[in-house]
Amino acid sequence: MITRQRPAAWVIALLAALTAGLVTAGPAAADDGDEPARPSPKVELVLDVSGSMRARDIDGKSRMAAAKQAFNEVLDATPDEVALGIRTLGANYRGDDRRTGCKDTELLYPVEQLDKAGRTDAKTAVATLAPTGWTPIGPTLLKAAHDLTDDTAERSRRIVLISDGEDTCQPLDPCVVARDISAKGIHLTIDTLGLVPDAKTRDQLSCIAEATGGTYTSVRHTDELSGRVKQLVDRAADPVVTPVEAKGAAQCAAAPKLESGLYTDREKFGEHRWYRVDVPAGKELRASVSVAADRAVNQDYGVLLRAETPKGREIVRGQESGDGRTDVISTGLRYPRPEADDEDDESAAPKTVCLRVSNSFSAPASVKTSPGLPVELAVDLVDSPDDASDVAFFGLGHGWWLLGLLVLVGFLAGVLWGWLSRWRFAVWRTN
């Protein structure tokens with residue numbers, strides 16, 4: 001079993017550095033000033049205002065109150081370049097007629113860039129909401145997609161759906177609706193957030209997100225809700241980085257050679273996959289991996305990212321474990337190489353590092369294990385630090401070097417302790 005180890009802060013720095021590197025990969029166009037302005041990204045926040053939002057189980061207040069607080073914080077933090085709108089579902093009809101209840105969706109605030117007055121108007125509109133009726137998720141997604149695709153510009157489009165229950169308007173399955181939206185090729189991503197979700201709600205919201213390449217997040221606290229929505233809105237403002245497909249091999253010798261970038265693959269349950277990276281002298285390899293549980297899995301699982309030499313000696317590793325409370329598990333590692341003393345020396349040549357991605361996921365008997373789990377691997381090469389303070393700088397890691405060092409230290413400590421004991425015994429006999 002892979003043991004728990006919290007991801008280090010540098011993993012976040014790695015992702016930021018990687019994104020920055022990819023954004024600046026084409027400086028020529030920016031320098032010339034000929035690059036056309038990128039159309040403003042569009043985001044629509046879709047909020048469930050059905051009767052179940054009255055439940056008071058989020059930090060001692062109702063789900064609706066938590067959502068309002070989060071929306072106020074998000075509206076204040078929305079980047080100026082983002083066109084943002086708000087749509088509700090189940091906010092107006094209080095009756096029992098299913099046909100009427102399943103049409104209860106309203107564009108509360110139009111999709112547009114927000115100025116100071118616009119932020120105030122949007123907050124005022126949200127403040128008037130009260131938990132009311134049905135949960136027409138499928139019909140609402142269709143309307144939201146139409147709100148965001150009223151033009152043909154190549155822009156980033158994102159729906160952020162916040163709900164606390166299943167769709168009540170079957171047979172219009174929201175998963176099928178999401179797949180149909182994805183099939184249109186309109187570059188629209190749906191991210192879903194479940195407020196204190198049960199298993200059925202979690203499955204449905206996960207399915208919606210998966211269909212469009214989005215993410216699902218379970219939320220139980222107000223700060224989690226506001227933080228996640230802010231993150232998704234900011235993500236819409238960032239340039240889209242498309243992962244490159246890289247099929248890992250069963251052995252390092254046959255593994256694909258990767259450069260700095262973002263890569264995607266699929267890995268079977270309990271499988272090991274290898275990739276190769278050439279690390280020049282004076283550079284530091286930073287790598288991180290994320291494995292997504294896109295279906296039901298057994299509790300207690302882990303992911304291991306291990307850097308090895310081509311002969312199989314471990315250099316350094318990163319590992320993380322989970323217990324079923326998250327849908328994505330990530331870890332990372334660093335391996336810095338010192339500058340070569342002489343350019344003609346063998347130490348100046350690039351060194352091949354084998355990256356092994358392993359997982360300990362397992363699935364219930366009723367769950368299909370094919371295709372494998374989605375894997376996203378980020379690789380970056382940056383300047384190596386001048387101060388060799390990291391153990392990996394010396395190639396120790398968790399392998400034979402570290403074991404040999406521990407044996408040597410233990411031997412020297414034993415010799416010293418034995419000498420001191422004999423000296424004390426000799427002094428005692430003399431006195």
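The legends below describe close-up views of a predicted model.

**View 1. Strand 4 and its two partner strands.**
Strand 4 covers residues 157-163, and 7 of its 7 residues are buried, so this strand is largely enclosed by the rest of the structure. In a regular strand the side chains alternate between the two faces of the sheet. Here R157, I159, L161 and S163 point one way, while R158, V160 and I162 point the other way, and all of them are buried. Strand 1, residues 42-48, pairs with strand 4 in the parallel sense over 6 bridges. Within this pairing, K42 stands opposite R157 of strand 4. Strand 4 also pairs with strand 5, residues 188-195, again in the parallel sense, over 7 bridges. The bridge partner of L161 in strand 5 is T192.

**View 2. The connection from strand 4 to strand 5.**
Strand 4, helix 7 and strand 5 together make a right-handed β-α-β unit. The loop between helix 7 and strand 5 contains H187. Most residues other than glycine have a negative phi, and most peptide bonds are trans. The phi of H187, however, is near 55°, a positive value in a residue other than glycine. With a relative accessibility of 48%, H187 counts as partly exposed.

**View 3. The packing of helix 7 with helix 8.**
Two packed helices are described by the angle between their axes and the distance between the axes. Helix 7 (residues 174-183) packs with helix 8 (residues 199-211) at an angle of about 10°, and their axes are 8 Å apart. Helix 7 is therefore roughly parallel to helix 8, a term that applies to angles under 35 degrees. On the side of helix 7, the residues in contact are P174, C175, A178, R179 and S182, and they meet Q204, C207, I208 and A211 in helix 8. Sorted by class, this contact has 6 nonpolar, 2 polar and 1 charged residues.

**View 4. The open sheet with strand order 7-9-16-11-14.**
Strands of a sheet pair through backbone hydrogen bonds, either parallel or antiparallel. This open sheet has 5 strands in the order 7-9-16-11-14, and its pairing is mixed. Strand 7 (244-245) and strand 14 (328-336) stand at the edges; each has a single partner strand, so one side of each is left without a neighbour in the sheet. At one edge, strand 7 and strand 9 pair in the parallel sense over 2 bridges, and the bridge partner of E245 in strand 9 is T264. Strand 9 spans residues 261-267, and 5 of its 7 residues are buried, so strand 9 is largely enclosed by the rest of the structure. Strand 9 pairs with strand 16 (residues 373-383) in the antiparallel sense over 7 bridges. In this pair, G261 stands opposite V379 of strand 16. At the other edge of the sheet, strand 11 (residues 283-292) and strand 14 are antiparallel and share 9 bridges. R286 has R334 of strand 14 as its bridge partner.

**View 5. The open sheet with strand order 8-10-15-12-13.**
This open sheet is likewise made of 5 strands with mixed pairing, and their order is 8-10-15-12-13. Its edges are formed by strand 8 (257-258) and strand 13 (314-322), each with a single partner strand, so one side of each is left without a neighbour in the sheet. Strand 10 (residues 272-279) and strand 15 (residues 351-359) run antiparallel and are joined by 8 bridges. The bridge partner of R276 in strand 15 is C354.

**View 6. A cis peptide bond in the loop between strand 15 and strand 16.**
The loop between strand 15 and strand 16 contains P371. S370 and P371 are joined by a cis peptide bond, for which omega is about 0°.

**View 7. The loop residue D59.**
D59 lies in the loop between strand 1 and helix 3 (63-77). The phi of D59 is near 55°, a positive value in a residue other than glycine. At 43% relative accessibility, D59 counts as partly exposed.

**View 8. K116 in helix 5.**
Helix 5 comprises residues 116-127 and includes K116. The relative accessibility of K116 is 74%, so this residue counts as exposed. K116 and L75 are 41 residues apart along the chain, and their C-alpha atoms are separated by 10.0 Å.

How values were computed:
Residues are numbered from 1 along each chain as its sequence is written. This is a predicted model: local features need pLDDT of at least 70, side-chain atom pairs count only at pLDDT 80 or more; totals for chains, interfaces and linings use all residues. Side-chain values use heavy atoms; hydrogens and water are left out. Axes are lines fitted to C-alpha atoms, for helices over the stretch in contact, and angles run from 0 to 180 degrees between N-to-C directions. Helices (H or I, at least four residues) and strands (E, at least two) are DSSP runs, numbered from the N terminus. Angles under 35 degrees count as roughly parallel, over 145 as roughly antiparallel, 65 to 115 as roughly perpendicular and the rest as oblique. Contact means heavy atoms within 4.5 Å. Ala, Val, Leu, Ile, Met, Phe, Trp, Tyr, Cys and Pro count as nonpolar, Asp, Glu, Lys and Arg as charged, and the others, Gly among them, as polar. Two strands pair if DSSP finds at least two bridges between them. Buried means under 20% relative accessible area, exposed over 50%, partly exposed in between (1.4 Å probe, protein chains only). A crossover is right-handed if, with the strands pointing away from the viewer, the path from the first strand over the helix to the second runs clockwise.
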